[in-house]
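I opened this model to see how its secondary structure elements pack, and I kept notes in the order in which I looked things up.

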Amino acid sequence: MSEHEGKDVKKVSEGQWTTGLYDCFSEDIPTCCFTWFCPCVAFGRIAEILDKGETGQGLAGLMVVAMSHIGCGWYYASTYRAKLRRQYSLPEEPCSDGAIHFFCCSCALSQEHRELKYRGLDPSLDAAFKNTGLERANNLGRDLEWFKEQGYDIPEPMAHCKTYSRYFKDIAENDPPAFICHFCNIYFAHSAGRRKIGTMVSERIFDNKELEFYK
């Protein structure tokens, strides 16, 4: 099994789960405890990410509670495990999604929570920052590793870049309104052409390799 790369980063292999179904206590004890004692909240966070914000975590949590009252909560939750697998081409193991959620619901939620976390979409992030680009830092790190493997030199950050990084971190910690204003101005100024440029670069330069940052 792969080793951790930093605190919340794990080396990701295409088509493979980053952790096993029963790795609850060996991989991430806080996540394990959270999914065991607050399964509806954990499911809501997972669903919100997989639905790209279209389903709020509160609504998803209430839905699984309501479905559980008629004995179908496990089935509803299993549809999101299937969605997670399709998104990352993960195998249906050790058995069907429905059976896993019926017999080992907490283990399943814990594994799904870890999977998103290690792929740079940490479900525990504040909802205000989900789907903004801020959660893609881990994905960008994996892309840089891929570039290194292809023989590209990754330059060290220049002095003014480090200064800007410190400034950005400072206002994030000490002046949230300024941080939100600054981030939105920069992010939305570039977001319109970001994916188009990424697709063009992927097709013309990297033999259709889909960079993690643009997923």
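The entries below go from the whole chain to single helices, then to a few individual residues.

**Entry 1: the chain as a whole**

I note at the outset that this is a predicted model. I counted the secondary structure and found ten helices and zero strands, so that I read the pattern along the sequence as α-α-α-α-α-α-α-α-α-α. Of the 215 residues in the chain, 39% are buried. I then looked at contacts between residues at least 6 apart in sequence, and 60% of these join residues at least 24 apart.

**Entry 2: H2 against H3**

I turned to helix H2, residues 29–37, and asked at what angle its axis crosses that of H3. The two axes come within 5 Å and cross at roughly 110°, which makes H2 roughly perpendicular to H3. On the H2 side I listed Phe34, Thr35, Trp36 and Phe37 as the residues that make the contact, and on the H3 side Pro39, Val41, Ala42 and Arg45. Sorted by class, this contact of H2 with H3 has six nonpolar residues, one polar and one charged.

**Entry 3: helix H4**

Helix H4 covers residues 57–69, and its 13 residues reach 19 Å from the first C-alpha to the last, close to the 18 Å expected at 1.5 Å a residue. Which residues of H4 are buried? I found Ala60, Gly61 and Val64 to be buried, and, seen down the axis of H4, the buried residues fall within an arc of 100°, so they line one face of the helix. I set beside this the general point that an α-helix has 3.6 residues a turn, so residues three or four places apart point the same way.

On the face of H4 turned away from the buried side I found the exposed residues Leu59, Leu62 and His69. I also looked for what covers the buried residues of H4, and the cover includes helix H3 (39–50) and helix H5 (73–88). Just after H4, I noted that glycine 71 takes a positive phi of about 80°.

**Entry 4: H4 against H5**

With H5 among the cover of H4, I looked up how the two helices pack. Their axes are 7 Å apart and the angle is about 140°; H4 and H5 are therefore oblique to each other. From H4, the residues Ala60, Met63, Val64, Met67 and Ser68 meet Gly73, Tyr76 and Ala77 of H5. By class, the contact of H4 with H5 has six nonpolar residues, two polar and no charged ones.

**Entry 5: helix H5 and its end**

For the 16 residues of H5 I would expect a span of 22 Å at 1.5 Å a residue, and the end C-alpha atoms are 24 Å apart, which agrees. The buried residues of H5 are Gly73, Tyr76, Ala77, Ser78, Tyr80, Arg81, Ala82, Leu84, Arg85 and Tyr88. What covers these buried residues includes H3, H4, H6 and helix H7 (105–118).

Following the chain past H5, I came to serine 89, which has a positive phi of about 55° although it is not a glycine. Serine 89 is found in the loop between H5 and H6, and I asked whether it is buried or exposed. At 53% relative accessibility, serine 89 counts as exposed, the cut-off for that being over 50%.

**Entry 6: proline 94 and aspartate 97**

Proline 94 is found in the loop between H5 and helix H6 (97–103), and the peptide bond that joins glutamate 93 to proline 94 is cis, with omega about 0°. Aspartate 97 lies in H6 and, at 6% relative accessibility, counts as buried. I then listed what aspartate 97 is in contact with, leaving aside its neighbours within four places in sequence, and found Ser78, Arg81, Ala82, Arg85 and Glu92. Of these, Ser78, Arg81, Ala82 and Arg85 are among the buried residues of H5.

**Entry 7: valine 12**

Last, I looked up valine 12, whose place is in the segment before helix H1 (24–27). Valine 12 is buried, with a relative accessible area of 18%. Not counting residues up to four places away in sequence, valine 12 touches Thr18, Tyr118, Arg119 and Arg142. The C-alpha atoms of valine 12 and arginine 142 are separated by 8.2 Å, while the two residues are 130 residues apart along the chain.

Note on methods. Residues are numbered from 1 along each chain as its sequence is written. This is a predicted model: local features need pLDDT of at least 70, side-chain atom pairs count only at pLDDT 80 or more; totals for chains, interfaces and linings use all residues. Side-chain values use heavy atoms; hydrogens and water are left out. Helices (H or I, at least four residues) and strands (E, at least two) are DSSP runs, numbered from the N terminus. The expected span of a helix is 1.5 Å times one less than its number of residues. Buried means under 20% relative accessible area, exposed over 50%, partly exposed in between (1.4 Å probe, protein chains only). The arc is that of the directions from the helix axis to the C-beta atoms. Contact means heavy atoms within 4.5 Å. Axes are lines fitted to C-alpha atoms, for helices over the stretch in contact, and angles run from 0 to 180 degrees between N-to-C directions. Angles under 35 degrees count as roughly parallel, over 145 as roughly antiparallel, 65 to 115 as roughly perpendicular and the rest as oblique. Ala, Val, Leu, Ile, Met, Phe, Trp, Tyr, Cys and Pro count as nonpolar, Asp, Glu, Lys and Arg as charged, and the others, Gly among them, as polar.
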